[in-house]
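Work through the exercises below with the sequence and the model at hand. Each task is followed by a solution in steps.

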Amino acid sequence: MMKTEREKMLAGMPHNALEAGLAAERDRAKELLHDYNICTRPGDMAAREAIIRRLFGKAGKDVFITQPFYCDYGTYIEVGDGFYTNFNCTMLDAGGITIGNGVLLAPNVGLYTVGHPLDADLRAQAYEDAKPIVIGDNVWIGAQSIILGGVTIGSNTVVAAGSLVCKDLPANVLAMGSPCRAVREITEEDRAAYLARIRAAG
């Protein structure tokens, strides 16, 4: 049986993004995002939560998404408990974005699962493909960082501001750069040093 464009998209195959069903899904997301970003007051937590639960495929407990927030579909985003993102987060989620518990995203972080063909004529015909992004538990992504499709980031890892993550990162490391790479493990010495700063602050 011939796959639909949506089935092709979710399988990571080339698909036509202008197909009516996919366009309708994106229009639904745009309407919900308008309500979230424009019509909902920042302090109306109940209304904000209700919209996010309609928008996302899955949302855990204590999810806080600072306005404004942007995504393509929303349906293909899953976040765990204690998720937080700061201003101007963009998630292009055609390939699926799965985020664990306790994850923090700083301002202007972008998660982009979508890619386009190198050939200009095929791009003009609205072909694209998408690969998933997977982020483990307790990850912190620094400001202005970009995570590309096909990437998995291990739990407890910290990605420094301004990084371009185009390859997998292991768990428990500090990573930085463009392209982003692990520079060292995060150790008990990091915890001890910060606890000392807390004590010094009184």
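**Exercise 1.** Classify Thr 157 as buried or exposed, then find what its side chain reaches.

*Solution.* The model is predicted, and side-chain atom pairs count in it only at pLDDT 80 or more.

Step 1. The relative accessibility of Thr 157 is 0%. The cut-off for buried is under 20%, so Thr 157 counts as buried.

Step 2. Thr 157 sits in the loop between β16 (152-153) and β17 (158-159).

Step 3. A polar atom of the Thr 157 side chain lies 2.6 Å from the backbone oxygen of Pro 170. The side chain of Thr 157 also reaches the backbone nitrogen of Asn 172, at 3.1 Å.

Step 4. With neighbours within four places in sequence left aside, the contacts of Thr 157 are Asn 138, Val 139, Trp 140, Pro 170, Ala 171, Asn 172 and Val 173.

**Exercise 2.** Place Ala 161 in the chain and state whether this residue is buried or exposed.

*Solution.* Step 1. Ala 161 is in the loop between β17 and β18 (164-165).

Step 2. Its relative accessibility is 56%. Exposed means over 50%, so Ala 161 counts as exposed.

Step 3. Leaving aside neighbours within four places in sequence, Ala 161 is in contact with Gly 142, Ala 143 and Ser 145.

Step 4. Met 176 is 15 residues from Ala 161 along the chain, and the C-alpha atoms of the two are separated by 7.4 Å.

**Exercise 3.** How many aromatic pairs are there, and what parts of the chain does the pair of Phe 56 and Phe 69 tie together?

*Solution.* Step 1. With ring centres within 6.5 Å as the criterion, the count comes to three aromatic pairs.

Step 2. For Phe 56 and Phe 69, the centre-to-centre distance is 5.8 Å and the angle between the planes is 65°. An angle over 60 degrees counts as edge-to-face, and this pair is edge-to-face.

Step 3. Phe 56 belongs to the loop between α3 (45-55) and β2 (58-59) and Phe 69 to strand β4 (residues 69-71), so the pair ties together parts 13 residues apart in sequence.

Step 4. Phe 56 is buried, at a relative accessible area of 5%. Phe 69 is likewise buried, at 0% relative accessibility.

Step 5. The rings of Phe 64 and Tyr 84 are 5.7 Å apart at their centres with planes at 20°, so this pair is stacked. Phe 64 lies in strand β3 (residues 64-65) and Tyr 84 in strand β6 (residues 84-85), so parts 20 residues apart in sequence are tied together.

Step 6. Phe 64 is partly exposed at 31% relative accessible area, and Tyr 84 is partly exposed at 28%.

**Exercise 4.** Which residue lies over the face of Phe 64, and which side chain makes a polar contact with the side chain of Tyr 84?

*Solution.* Step 1. Arg 48 lies over the face of Phe 64, 4.9 Å from the ring centre.

Step 2. The side chain of Asn 86 makes a polar contact of 3.3 Å with that of Tyr 84.

Step 3. Asn 86 is in the loop between β6 and β7 and, at 17% relative accessibility, counts as buried.

Step 4. Not counting residues up to four places away in sequence, Asn 86 touches Thr 66, Leu 105, Ala 106 and Pro 107.

**Exercise 5.** Which residues touch the most other members of the largest nonpolar core, and which element gives the most to this core?

*Solution.* Step 1. The largest nonpolar core has 35 residues, of which Phe 69, Met 91, Leu 111 and Ile 153 touch the most other members.

Step 2. Elements that each supply at least two residues include α3, β4 and β13 (133-135). The most comes from α2, with four residues.

Step 3. Among the contacts of Leu 111 beyond four places in sequence are Met 91, Ile 97, Ile 133 and Ile 147.

Step 4. A second, separate core has six residues, including Met 9, Tyr 73, Ala 94 and Ala 130.

**Exercise 6.** Describe the span, cover and ends of α5.

*Solution.* Step 1. Helix α5 (residues 188-201) has 14 residues and reaches 20 Å from first to last C-alpha, close to the 20 Å expected at 1.5 Å a residue.

Step 2. The count of buried residues in α5 is zero, and the helix is hardly covered.

Step 3. At the start of α5, a side-chain oxygen of Thr 187 comes to within 3.2 Å of the backbone nitrogen of Glu 189. Just after α5, Gly 202 has a positive phi of about 85°.

Notes. Residues are numbered from 1 along each chain as its sequence is written. This is a predicted model: local features need pLDDT of at least 70, side-chain atom pairs count only at pLDDT 80 or more; totals for chains, interfaces and linings use all residues. Side-chain values use heavy atoms; hydrogens and water are left out. The expected span of a helix is 1.5 Å times one less than its number of residues. Buried means under 20% relative accessible area, exposed over 50%, partly exposed in between (1.4 Å probe, protein chains only). A polar contact is a pair of N or O atoms within 3.5 Å; within protein, one must be able to donate a hydrogen and the other to accept it, and residues adjacent in sequence count only if both atoms are side-chain atoms. Rings of Phe, Tyr and Trp (its six-membered ring) pair if their centres lie within 6.5 Å; planes under 30 degrees apart count as stacked, over 60 as edge-to-face and the rest as tilted. A charge sits over a ring if NZ of Lys or CZ of Arg is within 6 Å of the ring centre and within 35 degrees of the ring normal. Contact means heavy atoms within 4.5 Å. A nonpolar core is a set of buried Ala, Val, Leu, Ile, Met, Phe, Trp, Tyr and Cys residues joined through side-chain atoms within 4.5 Å.
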